[in-house]
Amino acid sequence: MATMRCVVVREHGGFDRLRLEERPIPVPGPGQMRIRVQAIGTNHLDTWVRRGVPGHTFPLPLIPGSDACGVVDALGPGAVGCREGDPVVVLPGVSCGACEACQSGLDQLCRDFHILGESCDGTCAEFVCVPAANVAPKPRALGAPEAAAICLVFQTAWNMLVRRAELRAGETVLVHAGLSGVGSAAVQIANVLGAQVIATAGGAEKCAKVKALGAHHVVDYKAKDFVAEVRTITGKAGVPVVFEHVGAATFDGSLKCLARGGRLVTCGATTGGNVQLSLHAVFFKSLSILGSTMGSKGDLRHILRLFDQGRLVPVLDRTLPMAQVGEAHRLLEAREALGKIVLTA
Ligand SMILES: [Zn+2]
């Protein structure tokens with residue numbers, strides 16, 4: 001039987017839990033397509049799958065990985081949309097397609113929603129089988145490593161800014177960690193929307209790169225207090241929208257940065273998820289705190305078009321061979337990367 005190499009997490013722990021294994025090449029089921037994977041985008045989510053999350057059960061053993069670019073290699077019965085040999089990207093959110101949420105274009109609210117590499121086997125493999133609905137043509141303007149780096153983070157940032165916070169042209173948004181995966185996506189999407197961007201980044205090199213991405217102001221959070229800087233930049237008014245994904249380390253400051261009537265939208269908590277919240281601030285300042293996770297496949301297909309038009313660009317730090325997946329996790333956790341880290345299959 002033909003086999004493939006893949007990364008498997010059998011138990012939670014350190015980088016050594018990312019084991020390279022051989023498995024039979026999967027056969028596409030009804031409505032599925034098999035992708036011969038060329039490049040795999042890594043995300044913070046992968047590190048949570050490896051480390052484990054208190055109170056959450058991952059279905060181990062699990063192949064991590066939510067993003068990938070490759071070529072359609074085989075079609076299961078009834079799979080339509082792409083043909084064998086087509087260069088494609090994998091859309092990371094799997095949903096039933098038949099419920100009210102799905103049919104309203106809110107796939108991420110489907111009760112059967114799951115993310116590849118988080119609640120079912122993912123993309124960190126030489127081959128992956130996914131529903132045909134999760135396969136879209138690769139933007140022609142991008143190479144495989146670039147195309148593998150975009151879906152999860154741009155979908156997440158788009159849903160936060162466009163669908164949840166409803167950021168408008170002319171408004172100002174504070175984006176934390178503007179060179180992180182979701183941060184670099186948010187800086188660019190805010191620009192496409194015509195908004196003003198204040199971004200934070202750690203250190204002069206990262207700040208310069210965030211500025212080049214289109215941030216109008218960049219605050220080096222290692223050198224300066226971002227709350228004081230936002231007050232100065234906005235003439236003490238604060239910002240109408242804060243883009244949060246850092247969590248405990250920044251949440252209190254993020255609330256203080258909000259103008260009256262401001263909206264804070266959050267998709268993550270990489271520094272911890274338990275925060276103190278003054279209800280007085282929430283009601284006296286008429287604040288909105290909005291949760292967001294992933295986004296719709298329809299929005300993601302629109303985002304891919306913006307890549308084809310060159311209005312959004314992938315931000316890559318480096319590519320590594322799949323066997324060095326542990327090093328990719330180390331770079332992510334140490335915040336050493338200046339952009340996305342992509343594995344080659
Ligand atoms: Zn559904």
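This report describes the domains, helix packing and selected loop residues of a predicted model.

Residues are numbered from 1 along each chain, following the sequence as written. Because the model is predicted, local features are reported at pLDDT of at least 70 and side-chain atom pairs count only at pLDDT 80 or more, whereas totals for chains, interfaces and linings use all residues.

## Domains

The protein chain is assigned domain 1, made of residues 3–150 + 314–344, and domain 2, made of residues 154–291; such bounds come from an automatic or database domain assignment. The centres of domain 1 and domain 2, taken over C-alpha atoms, are 28 Å apart. Eight residues from domain 1 and ten residues from domain 2 take part in the contact, where two residues are in contact if their C-beta atoms, placed from the backbone, lie within 7 Å. On the side of domain 1 that touches domain 2 there are three nonpolar, three polar and two charged residues. In this classification Ala, Val, Leu, Ile, Met, Phe, Trp, Tyr, Cys and Pro count as nonpolar, Asp, Glu, Lys and Arg as charged, and the others, Gly among them, as polar.

## Helix pairs

Helices (H or I, at least four residues) and strands (E, at least two) are DSSP runs numbered from the N terminus. Helix 4 (residues 151–164) and helix 10 (residues 297–308) have axes that come within 10 Å and cross at roughly 110 degrees; axes are lines fitted to C-alpha atoms, for helices over the stretch in contact, and angles run from 0 to 180 degrees between N-to-C directions. Helix 4 and helix 10 are therefore roughly perpendicular to each other, a term that covers angles of 65 to 115 degrees, while those under 35 count as roughly parallel, those over 145 as roughly antiparallel and the rest as oblique. Helix 4 contributes Cys 151, Phe 154, Gln 155, Trp 158 and Asn 159 to this contact, and helix 10 contributes Asp 299, Leu 300 and Ile 303. By class, the contact of helix 4 with helix 10 comprises five nonpolar, two polar and one charged residues.

Helix 1 (residues 44–51) packs on helix 11 (residues 325–333) at an angle of about 110 degrees, with the axes 10 Å apart, and this makes helix 1 roughly perpendicular to helix 11. From helix 1, His 44, Asp 46, Thr 47 and Arg 50 meet His 329, Leu 332 and Glu 333 of helix 11. The residues of this contact divide into one nonpolar, three polar and three charged.

## Buried faces of helices 1 and 7

Leu 45, Asp 46, Val 49 and Arg 50 are buried in helix 1; a residue is buried if 20 or more other C-beta atoms lie within 10 Å of its own, exposed if 12 or fewer, and partly exposed in between, with C-beta atoms placed from the backbone. These residues cover an arc of only 140 degrees around the axis, which puts them on the same side of helix 1, the arc being that of the directions from the helix axis to the C-beta atoms. The buried residues of helix 1 pack against strand 1 (3–9), strand 2 (18–24) and helix 11. Gly 52, which follows helix 1, has a positive phi near 90 degrees.

In helix 7 (residues 226–233) the buried residues are Phe 226, Glu 229 and Val 230. Seen down the axis of helix 7, they fall within an arc of 100 degrees, so they line one face of the helix. Their cover includes strand 10 (172–175), strand 11 (196–201), strand 12 (217–220), strand 13 (239–244) and helix 8 (251–257).

## Loop residues

The table gives the surroundings of selected loop residues.

| Residue | Exposure | Other C-beta atoms within 10 Å |
|---|---|---|
| Leu 179 | buried | 28 atoms |
| Thr 293 | partly exposed | 16 atoms |
| Arg 335 | partly exposed | 14 atoms |
| Lys 236 | exposed | 9 atoms |

Leu 179 lies in the loop between strand 10 and helix 5 (181–192), and its C-alpha atom is separated by 8.7 Å from that of Ala 337, 158 residues apart along the chain. Thr 293 is found in the loop between strand 15 (288–291) and helix 10; leaving aside its neighbours within four places in sequence, Thr 293 is in contact with Gln 108 and Cys 267.

Lys 236, in the loop between helix 7 and strand 13, has a positive phi near 70 degrees although it is a residue other than glycine. Arg 335, also not a glycine, has a positive phi of about 55 degrees. The peptide bond from Leu 60 to Pro 61 is cis, with omega near -5 degrees, and Pro 61 lies in the loop between helix 1 and strand 4 (67–75).
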